[in-house]
Amino acid sequence: MTRAVPRIRRLVVLPVLALCLLLASCGLGTSGGFTRSGHLAGDLADIDLSGTSISVGSKSFTEQLVLGKIAVILLESAGADVSDLTGIPGSSSTRQALLSDQIQMMWEYNGTGWISYLGHSDPIADPQAQYEAVRDEDARLNNLVWLSPVPANNTYGFAMNASTAQRLGVTKFSELTSLDPSELTFCLESEFANRNDGFEPMARRYGLDPGSTQRMVMDTGAIYSATAEGVCNFGEIFTTDGRIQALDLTVLADDLHFLPNYNASPVLPREVYDRNPAAYDELFGAVSPLLTDQELIAMNAQVDVDGREPADVARDWLIGKGIITDG
């Protein structure tokens, strides 16, 4: 996940087709493609978005693709004419597509909104307060509507393999001060290793001397396997990544709440939301509360570990939760 991105620079406003051509010309086309919808079920069955056209975008990593496909299928099942622009490379590109009306809906993380887009350096520890702060400021500055967030928090974390967790007996980051310095071995990606709100400030917050730690910098994907194999005791992870489950990793609690909250919300321009506010509130109000850490970890694992398509995972999840029926 892209976390620390520069403040967004203004780009030329392009029509949707031009955006697609631009992405394709760089070899960075969105995932798009055909996605089977269904029929809304239960209390949602009477919602009708026929005549509504909306483009749904997402970033290009697994969780964003799954969330994007959930939105595409949900809106199509309500009768909307949906353009699937999921899979846009990079946070900046996706955010700019939303601001310039090339897409009209995406899932965004409140920590990303607060720090990367709105330019704040200090996260807000309370999840609800963080959501309300980014919701209110983005509405005032950019006329965007942030719907209620999901319970899942896809933030940074540190994990151990099963044998390390049993041997060291630690469950939260504050307990690392009790370990011998020789045990303080960390696998980090370069961004988090060097950020001014990354590893070193976090270590100091917890009473660790960063200089006494052993750090290995590697690509994000390599960190998971390195941690599972015991190359380092503590590997930097994202807390809803499906590889946590697949590799039987144990995540340390961030008990001093140093790390920002990254709860995702559906985000739409005000003028789009205002055309069908009740429908959007009901649809995503039914879906968002169900998206817990455990649910996203399981869906992400189906894509990253089992090799399933995000659209199939999203559709099966919606059917399994009784949001839509097959059709």
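**Buried aromatic residues and sheet packing in a predicted model**

Phe 284 is buried, at a relative accessible area of 2%. The cut-off for burial is under 20% relative accessible area. The model examined here is predicted. Phe 284 belongs to helix α12 (residues 277-287), and its ring partner Trp 107 belongs to strand β4. The ring centres of Trp 107 and Phe 284 are 5.7 Å apart and the planes stand at 80°, so the pair is edge-to-face. The two residues tie together parts that are 177 residues apart in sequence. Trp 107 also counts as buried, at 1% relative accessibility.

Strand β4 supplies a second ring pair. Tyr 109 lies in strand β4, and Phe 61 lies in the loop between β2 (53-59) and α2 (62-77). The centres of these two rings are 6.4 Å apart, with the planes at 20°, so Phe 61 and Tyr 109 are stacked. This pair ties together parts 48 residues apart in sequence. Tyr 109 has 1% relative accessibility and therefore counts as buried. A search of the whole structure gives 14 aromatic pairs.

The chain as a whole contains 14 helices and twelve strands. Of its 327 residues, 52% are buried. Among contacts with a separation of 6 or more, 79% join residues 24 or more positions apart.

Strand β4 is part of an open, three-stranded sheet. The strand order is β4-β11-β5, and the pairing is antiparallel. β4 (106-109) and β5 (144-146) are the edge strands, each pairing on one side only. From one strand to the next, the twist averages 40°. Three bridges join β5 to strand β11 (residues 264-269) in the antiparallel sense. Trp 146 has Val 267 in β11 as its bridge partner. Helix α3 (residues 91-99) lies across β4, β5 and β11. The direction of α3 is at about 115° to β5.

Trp 146 also has a polar partner. Its side chain is joined to that of Asp 138 by a polar contact of 2.9 Å. Asp 138 is located in helix α5 (residues 127-142). With a relative accessibility of 1%, Asp 138 counts as buried. Neighbours within four places in sequence aside, Asp 138 contacts Arg 95, Leu 118, Asn 143, Leu 144 and Trp 146.

A second open sheet has five strands, in the order β8-β7-β9-β6-β10. Its pairing is mixed. The edges are formed by β8 (214-217) and β10 (250-251), which each pair on one side only. Helix α9 (residues 220-228) packs on this sheet and touches β6 (156-160), β7 and β9 (234-238). The direction of α9 makes about 135° with that of β9. Four bridges pair strand β7 (residues 185-188) with β8 in the parallel sense. Phe 186 has Arg 215 in β8 as its bridge partner.

Phe 186 also takes part in an aromatic cluster linked by ring pairs. The other members are Tyr 156, Phe 158, Phe 173, Phe 192, Phe 199, Tyr 206, Phe 234, Phe 238 and Tyr 262. A further aromatic residue, Tyr 224, has a charged partner: Arg 243 lies over the face of its ring, 4.1 Å from the ring centre.

Strands β2 and β3 run parallel and are joined by six bridges. Val 56 stands opposite Asp 84 in β3. Strand β3 (residues 81-88) is mostly covered, with six of its eight residues buried.

Helix α14 (residues 310-320) has as its buried residues Pro 310, Ala 311, Val 313, Ala 314, Arg 315, Trp 317 and Leu 318. These buried residues pack against α2, α12, α13 (293-304) and β12 (324-325). Just after α14, Gly 322 adopts a positive phi of about 75°.

Note on methods. Residues numbered from 1 in each chain as written. Predicted model: local features only at pLDDT ≥ 70, side-chain atom pairs only at ≥ 80, totals over all residues. Heavy atoms only, no water. Pairing = 2+ DSSP bridges. Axes fitted to C-alpha atoms, helices over the stretch in contact; angles between N-to-C directions. Contact = heavy atoms within 4.5 Å. Buried < 20%, exposed > 50% of the residue type's maximum accessible area, 1.4 Å probe, protein only. Polar contact = N/O pair within 3.5 Å; in protein donor to acceptor, adjacent residues only side chain to side chain. Phe/Tyr/Trp six-rings, centres within 6.5 Å; stacked < 30°, edge-to-face > 60°. Lys NZ or Arg CZ within 6 Å of the ring centre and 35° of its normal.
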